[in-house]
Amino acid sequence: MPDRPGTAAAAAAPDGTALLAATPDRMRGVLGHFASGVTVVTTATEGPDGPHAHGMTANAFTSVSLEPPLVLVSISTRARSHRRIDDSGRYGVSILGAEQGPVAHHFAGGAQSPEAVSLEWRDGLPLVGGALVHLACRVRQSHRAGDHTLFVGEVEGLWLGSGGPLVHYRRDLRALAGPAPTPAGDPGAVSVRDQAPAPAPVPTQAPAAAPVPDRAPARTPEPTAVREHAPHQAPAPAPVPTQAPDPRRDPNPGTDREERPAHAR
């Protein structure tokens, strides 16, 4: 009698190896092979002495739509930021730059580096200073998905910095070199080096014709030998240095990590 789907004999890969159950630890390890950017998701709550900023490191962030401008963050229902975002209806996203590994660890509950964290308040939301991108979002939809909630936010404001990104891969934080900065951090600006050269002006008058000689010019003797030159070659590009991963292991490579509150400045 053939095996039914779901039995041990049926749960085998084409190469004959056994398929492993998708346990939380295995899911975390396998999905860690998907390289992603690193963000800090922030929100604000009102306190007796003014607004308080709260943030958590997250890599479950994605674009959803351009018209209207929608993004999505996936937040664990166990995270304190889950309730705070649900209550406030707003959140900010700071996409971290290559040098902001300490900031990621700080908001992930790892090594605390308060001296590396600065906050900028924009449109009533706290955002991480020095980040590559700042987004101010208002929750438009929320969907429960297992042990997480997907918060779909409409982008109400965005700001662009410069530099390379911080990347999360296999529980390590790595840095990538960034492109040339754009003028004034304008998302629509084009770097001068990327602009095509201005076309040469078209003359309004045709150049005067060369005079016709009365007799044929004297014949130039042909050269006895021609020296062959090597074709011009562009120099080989310099190798891109690779940066060793941050020695501090990412304590939780999942979709979100424990938060650390910081008071408004």
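Is D86 buried, exposed or partly exposed? D86 counts as partly exposed, because its relative accessibility is 47%; here buried means under 20% relative accessible area, exposed means over 50%, and partly exposed lies in between, with a 1.4 Å probe and protein chains only. Before we go on, please keep in mind that this is a predicted model, in which local features need pLDDT of at least 70 and side-chain atom pairs count only at pLDDT 80 or more, while totals for chains, interfaces and linings use all residues. Residues are numbered from 1 along each chain as its sequence is written, and side-chain values use heavy atoms, with hydrogens and water left out.

Let us start with the whole chain. The protein chain has three helices and 13 strands, where helices (H or I, at least four residues) and strands (E, at least two) are DSSP runs numbered from the N terminus. Of its 265 residues, 33% are buried. The accessible surface comes to about 17,600 Å², and carbon and sulfur atoms account for 57% of that surface; such areas come from the Shrake-Rupley method with a 1.4 Å probe, and for residues only the protein chains shown count as cover. Contacts, meaning heavy atoms within 4.5 Å, often span long stretches of sequence: among those between residues at least 6 apart, 65% join residues at least 24 apart.

Now back to D86, which sits in helix α2 (residues 80-88). The C-alpha atom of D86 is 8.3 Å from that of V139, although 53 residues separate the two along the chain. While D86 is partly exposed, the buried residues of α2 are S81, H82, R84 and I85. Their cover includes β2 (39-47), β3 (50-58), β5 (70-76), β6 (90-95), β9 (133-145) and β10 (148-160). After the helix comes G89, with a positive phi near 75°.

Several of those covering strands pair with one another. Two strands pair if DSSP finds at least two bridges between them. β2 and β3 run antiparallel and are joined by nine bridges, and a hairpin of two residues connects them. Within this pairing, V40 has T57 of β3 as its bridge partner. β3 is mostly covered, with eight of its nine residues buried.

β2 also pairs with β6, again in the antiparallel sense, over four bridges. There V41 stands opposite V93 of β6. V93 also stands opposite L135 in β9, as part of an antiparallel pairing in which six bridges join β6 to β9. β6 is mostly covered too: five of its six residues are buried.

One residue of β6 deserves a stop of its own: S94. S94 counts as buried because its relative accessibility is 0%. Leaving aside neighbours within four places in sequence, S94 is in contact with V38, T39, V40, L127, V128, A131, V133 and H134. With V128 there is also a polar link: a polar atom of the S94 side chain lies 3.0 Å from the backbone nitrogen of V128. A polar contact is a pair of N or O atoms within 3.5 Å; within protein, one must be able to donate a hydrogen and the other to accept it, and residues adjacent in sequence count only if both atoms are side-chain atoms.

What surrounds V128 on its own strand, β8 (residues 125-128)? V128 counts as buried because its relative accessibility is 1%. Not counting residues up to four places away in sequence, V128 touches V40, S94, L96, Q100, V103, F107, S118, L119 and H134. One of these, Q100, is 28 residues from V128 in sequence and 9.9 Å away in space, C-alpha to C-alpha.

Another sheet is worth finding on your screen. This open sheet has three strands in the order β1-β11-β12, with antiparallel pairing. Its edge strands, each pairing on one side only, are β1 (36-37) and β12 (172-175). Four bridges join β11 (residues 166-169) to β12, and L166 has A175 of β12 as its bridge partner.

We can finish at helix α1 (residues 24-31), which holds M27. M27 counts as partly exposed because its relative accessibility is 38%.
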